[in-house]
Amino acid sequence: MSWFSILPNSLIVLETWIVRLFILLGVLTIGPWAILIIYDLVLYIVRAATYEIPYIGGRARGRQRPRAPSLAERPSGRPRTFSLSGTIGSGGENEEHEGFKQRKSKLGLSEEAPDAVEDE
């Protein structure tokens, strides 16, 4: 510590405890995330390895191979659609409202939306 310290020799003990405090805070911050990532990795390796074991593995039971979740496909198999066409406040409000009306009519909802809180 003495090579890197800018404090006088009388404050080395204080500096050492401050360094220990910051190391502890770093471990408390990073530790849970590191544990979760390691747990996730071990769980994936165990699931992938047990898939191949005869009689008890997933292949023997006729199950699908474990895969990571997909953002592009739902669990039902239908693809997800990502769009911003339904945002309010951007230009072309008539076209957007028509799109809302078409979606509401497909879902069987009424055409009138409940009004916001009115000012008195």
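This is a short exchange about a predicted model of one protein chain.

Modeller: The model is predicted, so local features need pLDDT of at least 70 and side-chain atom pairs count only at pLDDT 80 or more, while totals for chains, interfaces and linings use all residues. Residues are numbered from 1 along each chain as its sequence is written, and side-chain values use heavy atoms, with hydrogens and water left out.

Biologist: What makes the pattern of the protein chain α-α-α?

Modeller: Helices are DSSP runs of H or I with at least four residues, and strands are runs of E with at least two, numbered from the N terminus; the protein chain has three helices and zero strands, and α-α-α is how they read along the sequence.

Biologist: Why is I18 called partly exposed?

Modeller: Buried means under 20% relative accessible area and exposed over 50%, with partly exposed in between, using a 1.4 Å probe and protein chains only. Because I18 has a relative accessible area of 39%, it is partly exposed; its place is in helix α1, residues 12–51.

Biologist: How many of the 120 residues, as a percentage, are buried?

Modeller: Buried residues make up 7% of the 120 residues in the protein chain. One buried residue is E15, which lies in helix α1.

Biologist: What is known of a salt bridge for E15?

Modeller: A salt bridge needs a side-chain nitrogen of Lys or Arg within 4 Å of a carboxyl oxygen of Asp or Glu; E15 has none, and R20, the nearest side chain of opposite charge, is 12 Å away.

Conventions
Lys, Arg positive; Asp, Glu negative; His and termini not counted.
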